[in-house]
Amino acid sequence: MRHLTSVARLAAAATVLTVLAACGGTEPAAAPPAPAQPSEPAPPTEATEAPEPPAAAPVDACALVSKEDAEKLAGTPLDDPLPSGETCWFTGPVSGPVAQVEVHVGDGAKKILDIDRDLKHEFETLSGIGDEAYLEEGMVFVNVSGVWVAIRLVRTDDMAKYDERLTELARTVAGRL
């Protein structure tokens, strides 16, 4: 039994010596050097990029198009608006008729326009509305100071009869931006 105890002590001592050797021996570590004190303050560094301008406040899609505006466009009563991010939805009641008005603001509105262009949809340029405005079947796009708005009307009848209402709503929205 004594032999085992001596062997265990010897193994423990060898382990301690191995650990100490791996850590740099048994000498105490030197204290870290004191931070250097600059004799003169360093000159301010110039920024390589201008700071980002503050982001514009998000535009509330449901504030751009009121329920009354949406009902006038659709030509029928609609349910209360349902906001969802940068979109506002006005849907017709389940009792009918089928109607829906969507208002998209920001990058999503511009993306819809870009996709429709890629799909070769036909557009009419609307002059005198915002910085630029376009009408396509059942939809209008308007840009004011870089803010894009897309308004889509869903109805089951001839969409051409809503072109004047879409154009007028685009003019109203451009004035609100």
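Helices, as named on this tour, are DSSP runs of H or I covering at least four residues, strands are DSSP runs of E covering at least two, and both are numbered from the N terminus. With the whole chain in view, bear in mind that this is a predicted model, in which the protein averages a pLDDT of 82 and 68% of the residues score at least 70.

**The whole chain**

Colour by secondary structure, and 5 helices and 7 strands appear, following one another along the sequence in the pattern α-α-α-β-β-β-α-β-β-β-β-α. Of the 177 residues, 30% count as buried, and among contacts with a separation of 6 or more, 47% link residues that lie 24 or more positions apart.

Now select residues 1-23, where the pLDDT is below 50 and the model has 2 contacts beyond near neighbours in sequence. Residues 25-29 also stay under 50 in pLDDT, with 2 contacts beyond four places in sequence.

**The sheet**

Select the 7 strands together, and you will see an open sheet in the order 1-2-3-7-6-5-4, with antiparallel pairing. Its edges are strand 1 (82-84) and strand 4 (124-125), each of which pairs on one side only.

Within the sheet, select strand 7 (residues 147-155) together with strand 6 (residues 139-144), and the two are found to pair in the antiparallel sense over 6 bridges. Along this pairing, F141 has A150 as its bridge partner in strand 7, and V144 stands opposite V147. Turning to strand 3, you will find that it pairs with strand 7, also in the antiparallel sense, over 7 bridges, and that Q100 has V154 as its bridge partner in strand 7.

**Loops with particular backbone angles**

Stay with the hairpin of strand 6 and strand 7, which has 2 residues between the strands, and select S145. S145 is not a glycine, yet it has a positive phi of about 50 degrees; its side of the loop is open to view in the sense that S145 is exposed, with a relative accessible area of 65%.

Next select K120, which lies in the loop between helix 4 (107-118) and strand 4. K120 likewise is not a glycine but has a positive phi, here of about 65 degrees, and with a relative accessible area of 70% K120 is exposed.

Then go to the loop between strand 2 and strand 3, where P97 is placed, and display the backbone from G96 to P97, since a cis peptide bond joins these two residues with an omega of about -5 degrees.

**Helix 3 and its neighbours**

Select helix 3 (residues 67-74) and show its side chains: D69, A70, L73 and A74 are the buried residues. Seen down the helix axis, these buried residues fall within an arc of 125 degrees, so they line one face of helix 3. On the other side of the helix, E68 and K72 are exposed.

What do the buried residues of helix 3 pack against? Add helix 2 (61-64), strand 2 (87-91), strand 3 (99-105), strand 7 and helix 5 to the selection, as these are the elements they pack against. Just after helix 3 comes G75, whose phi is positive, near 70 degrees.

**Helix 5 on the sheet**

To finish, return to strand 6 and strand 7, which pair over 6 bridges, and add helix 5 (residues 163-176), which packs on the sheet and touches strand 5 (132-136), strand 6 and strand 7, its direction making about 20 degrees with that of strand 6.

Technical notes:
Residues numbered from 1 in each chain as written. Predicted model: local features only at pLDDT ≥ 70, side-chain atom pairs only at ≥ 80, totals over all residues. Heavy atoms only, no water. Pairing = 2+ DSSP bridges. Contact = heavy atoms within 4.5 Å. Axes fitted to C-alpha atoms, helices over the stretch in contact; angles between N-to-C directions. pLDDT = per-residue confidence, 0-100. Buried < 20%, exposed > 50% of the residue type's maximum accessible area, 1.4 Å probe, protein only. Arc of directions from axis to C-beta.
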